[in-house]
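Visitor: I'm new to this structure, and I'd love a close look at just one part of it. Could you start from a single residue and work outward from there?

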Amino acid sequence: MMVHATPDRCCSPGSSKVKPNHPCDCSKAVTNGDEEACTIGKCNEDMCTVGKCIPDGVNGCQRAALLKSTCCGSQANSIPGSSSETHDSGFLTDSSDVILLKELKSIIQEHSTHHHQYTGPHSGLRKRTTRNNHGNPHDDDSHDLRSHRTTSATSVACSVVNSLFTRVLQRLTVFAKGHCCCVANQTVVPIPVCSTSHSHGYSPTNSYDHKNEYSHKSHPYVKTPSSPKPPEIIQTSIDLAERGAGVERRKMIMSVEGMDCPSCAARVTKALDTIPSVTQSKVNTFAAEATLMYDMGTISPDEIAQRVTGLTGFTCKLQQELREEDLVKTLWISVPIKWDDSELPNGVAIKSRKLTKNKGNLLEVQYDSTTIQPRDVVAAFELWDGEYVPLEQVREPSQASKELWRLLRRTALSVIATIPILIFAWAPLPKHPILYGSISLALATFVQVYVALPLYRSSFHSLFLQRIIDMDLLVAGSTSIAYAYSIISFGFLVAGKPIDESFFETSSLLVTLIMVGDLVSAFARRRTTSALDAVDALQVQMVTLVENGGVRTIPAELIHVGDILQVSPDSIIPTDGVLRNGATQVDESSLTGESVPVEKQRGSTVIAGTLNLSGSIEITVSRSLSENTVAGISRLMHDAQGSRIPIQDLADKVAAYFAPAILVLGLVTFLVWILIGVVVKIKMEKAGIRALMKMITVLVVSCPCAISLCVPMVVVIAVSVAAKKGVLFKSIESVQYAKDTTAVLFDKTGTLTEGNLSVVEFYPFTNDAASLTYHLTKTSTHPVAKAVTDHVHSLASSFATVPTLGAITSVAGQGLETKFGERMLRGGNCRWLNLGEHPSVRELRQKSRTIFAVTLDGEPVAVFGLIDKLRPGAEELIRWLAQKRVDVYILSGDEPSAVESVATQLGIQADHAVGGCTPKSKADFVRTIQENRHPASTRRSKRMASVMFIGDGTNDIVALTQADTGVSISSGTDVAISAADVIMLNPANIHKSVKTIFRVSESAFRRIVWNFTWSFVYNLFAILLAAGAFVKFSIRPEYAGLGEMVSIVPVILVAWTMVLI
């Protein structure tokens, strides 16, 4: 929907509400509070975002982004004359567009040596701003175009632009030679900078009258530039446009070395937010990596890593790159030094190569899993004596492990260097102050220059490039002051004019204790991720492949979907599949937490990572190693580590203001102690030294790390604990919100009941009823349809003729339909089929049966009555929820009589059981409960109710999405699981799983509150103690470095008590 903005107001799409004096493009409106007004086009220092301005951390705005939904992208339809065919990506969507670009490119290349101004028509420009490569405002000299005469060559280029490229150039956003340019109406125009006055319109001098900003009648937010750009900028723009044509989104995983705590993660996130096309960035402090999405045509992964490294001081490197659809897989293959890669099969490419001593060329091979299989890829390299190399042999240690070893090495060196300094300072040694001082100076210098180098680098980048005052800056400043003063004092001592004893031990011990605290924190983070390592360990390395009447052992990474694998007793099932031969018992406790073995027969589903106990079996592979259940769980847990819950925003806000506040308190402490020295007439040298020591102690002893860690440490451990109990928190926000649930809404079939229905009554009305029903339902995965299929299978097989049916369509919440000749064949609930008053249907309703009917052109063909069993523990769960004063409802598409029967068995009141629901009506009912509008609701509050919906079928997707916490069980469809916030892996023990969800959420929140309280109490008491507020008790500056360890160890210990729930 397109709503045009006017100069004095902005209309929200679909709304009559307006926000005065806020012109913008309403075709891409952004909700702004209650007024729902547009905010696109607004640019200031606090809102430098994609499509507006990109903050570079120093000078306000670096460059506008080459992105979808920006500048001349999806909003180009707001510019008069722009094409309605513009794609959301903002790039060319037509091959003819690219051809036209190439033609223009050749013309401009031919005449690029002519130094004349390009005199195409002036273009409109959206309100966007930039700075040049040096971060300084970029002002273009104004020229009177009438005073320039163009050559015939340039005129030819302009003619082509005017005649061929109006539509193309209007919807390109590019940046060229460090300038952000918008190509529109045949002109490449630099975006003006975000000046200190936050100008929103274009002016060569960045000074214009805001009142006349939108005075142009052509469009309310388009400005006409006073000077076009020369052909070479157009050339660069077209190069980038061609590069971005058909832009592809890719996922990038980047390692981050030097990131010590979640506070550092905020700096990495801020740096990523300044990079064009980067979105969905998540920084995982525990794994020491960042995950993000970016546009290939805009920026390269190496450029992203370099940009973040430059802004933060952390060492960032590309770790992995994935396509968004995740269809491209990777294998490692070794080949001899000399080989030819010109004959690779389709879908195979070499991403990288390494020259190794033992394996020659080690190739990272990418292949399209939709066109070629992994063993076929390996076979393609046998021509050059290529050999498959297992991933374990080439996989490098995780960045978290590297970070731990790096800290251990630096800490050990710091301890070794500091011990002699402490001995010289504190031990009763013979008086040789200059000798001791010289050795201490050398050792302290080593500590400052090498060990503390990451602190200095980080603090420099945070202050000067990101304008952030963090604890690294305070620590680096404090140790530098102590170190510098010690050098000065030692210099006076050597000169024979001692002013005071040097205290090299202060700066060195501070650094050492801080390194010890960082090491403890890193070790705790690494231990916290051990649950993920345990899940990854469930993936087997080698499998036994049944092939051509024999068996052979192959690497697990090379299995294909459809392969037959042999699994011996007491061995782990390698991947998801279907049992083909044999029978056994399987221990699924590694995934579900349930220790009772599960019987498996031919046709049963088996899950990767579970233990085959008794029999030798053969399975047919249904999922590859990278797509099986274990891999999915690993991905979910890994994503949870990098995700945030809303309460963490509070911690981050406190941590952001913490360091500046401590800096102010440190300066106040210094001035107060100087004033005390003056008042009590202490010698100024001693007063200054005492004030300096108090200030250093205040700056170092405080610790925001405990504040930053108190949320993510608890959440990561909570997710791990839940996973061991068979509950996966796919949405990390559910850890916070599940505890607030006031109403739980259950689907019936497959959730409160086992979902293994059986037909107990069958009413056929035609001779071919069984045959028609079987061929209608045989492809459906719905529990009711599967039960009907099983029942009529034996009957249908007795018919010699097979009915010819058309394509079978599933109607959500209703049933199935297809064409039988020219007639409509339908099967589903009797309401949809208008059989509610049929005698057989009335009889089955009286018996509270689940009903499935089949009609042909509206005439009844067959009616089935089915029954189901309650899940074990369902009654116990309903009683437990009642004790918690949580309202319980049942929503089902089944017959109301069948739903009421289940509600009666479970002790749920009749008006809380609703049958005959469609997917939409389920979502509407969830919304009704959330708004406390249901007449049977026990809550009478103005606050929105928090609703948990628990289901397992495709019909539950909308309700799962609408609910505050959507829970799906693993026996449900993949679609339902993808829409859920929480996944229960053990449907047989649903009562235990639901209790786990509540208990994990409640326990995590209590520990988060406790950690917040501890962090506040510690910092308050430590700062007062360090500042000298207590007369008889104080902290010596050299011991202030213990503050980090003292503050974070209780936070870590409290978080680890989650394992006790």
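Visitor: Why does Arg-842 count as partly exposed?

Guide: One thing before we zoom in: what you're looking at is a predicted model. Now to your residue. Arg-842 has 38% relative accessibility, so it counts as partly exposed; that label covers values between the buried limit of under 20% and the exposed limit of over 50%. Its side chain has a partner, too. Arg-842 forms a salt bridge with Glu-837, and their closest N and O atoms are 3.8 Å apart. The cut-off for calling such a contact a salt bridge is 4 Å, so this pair makes the list. Glu-837 itself has a relative accessible area of 61%, which means it counts as exposed. There's also a joined-up group of charges to look for: Glu-761, Glu-843, Lys-847 and Arg-849 belong to one network, linked by salt bridges that share partners.

Let's look at the loops here. Asn-834 sits in the loop that runs between S29 and helix H25, which covers 839-846. Its backbone does something worth a glance: phi is positive, about 60°, although Asn-834 is not a glycine. With a relative accessible area of 67%, Asn-834 is exposed. Then there's Ser-848, found in the loop between H25 and strand S30 (850-856). Ser-848 also isn't a glycine, yet its phi is positive, near 60°. At 28% relative accessible area, Ser-848 is partly exposed.

Now step back along the chain to the strands. Strand S29 covers residues 823-828, and it pairs with S28 in the antiparallel sense over 6 bridges. The two form a hairpin with 2 residues between them, and Gly-821 in the turn has a positive phi of about 70°. Within this pairing, Glu-817 stands opposite Arg-826 in S29. Those two residues are linked through their side chains as well: Glu-817 and Arg-826 form a salt bridge, with the closest N and O atoms 2.8 Å apart. Side chains of opposite charge can pair when their charged atoms come close. As for exposure, Arg-826 has a relative accessible area of 29%, so it is partly exposed.

S28 has another neighbour. Strand S27 (residues 809-811) pairs with strand S28 (residues 815-820), again in the antiparallel sense, over 3 bridges. One contact to find there is Ser-810, whose bridge partner in S28 is Leu-816. This pair is a hairpin as well, with 3 residues between the strands, and the turn includes Gly-813, whose phi is positive at about 75°. If you follow S28 with your eye, keep in mind that in a regular strand the side chains alternate between the two faces of the sheet.

For contrast, here's a salt bridge from elsewhere in the model. Arg-249 and Asp-295 meet through their side chains at 2.7 Å, N to O. Arg-249 belongs to strand S6 (residues 249-257) and Asp-295 to strand S8 (residues 289-295), so this pair ties together parts that are 46 residues apart in sequence. Both Arg-249 and Asp-295 are buried, whereas your Arg-842 is partly exposed. The whole model has 31 salt bridges.

You can compare the strands as well. An open sheet of 4 strands runs in the order S11-S12-S10-S13, with antiparallel pairing. At its edges are strand S11 (348-356) and strand S13 (387-389), each pairing on one side only. From one strand to the next, the twist averages 35°. S11 and strand S12 (residues 360-368) pair over 8 bridges, and in that pairing Ser-352 stands opposite Glu-364.

Finally, not every surface feature here is about charge. Val-664, Val-668, Val-672, Leu-675, Ile-676, Val-679 and Val-680 make up a nonpolar patch on the surface, together offering about 590 Å² of accessible area. Ile-676 is part of helix H17 (residues 647-679). Its relative accessibility is 32%, so Ile-676 counts as partly exposed, the label we started with for Arg-842.

Terms used
Residues are numbered from 1 along each chain as its sequence is written. This is a predicted model: local features need pLDDT of at least 70, side-chain atom pairs count only at pLDDT 80 or more; totals for chains, interfaces and linings use all residues. Side-chain values use heavy atoms; hydrogens and water are left out. Two strands pair if DSSP finds at least two bridges between them. Patches are made of residues with over 30% relative accessible area and no salt bridge: like charges are joined within 9 Å, nonpolar side chains (Val, Leu, Ile, Met, Phe, Trp, Tyr) within 5 Å. Accessible areas come from the Shrake-Rupley method with a 1.4 Å probe; for residues, only the protein chains shown count as cover. Buried means under 20% relative accessible area, exposed over 50%, partly exposed in between (1.4 Å probe, protein chains only). Axes are lines fitted to C-alpha atoms, for helices over the stretch in contact, and angles run from 0 to 180 degrees between N-to-C directions.
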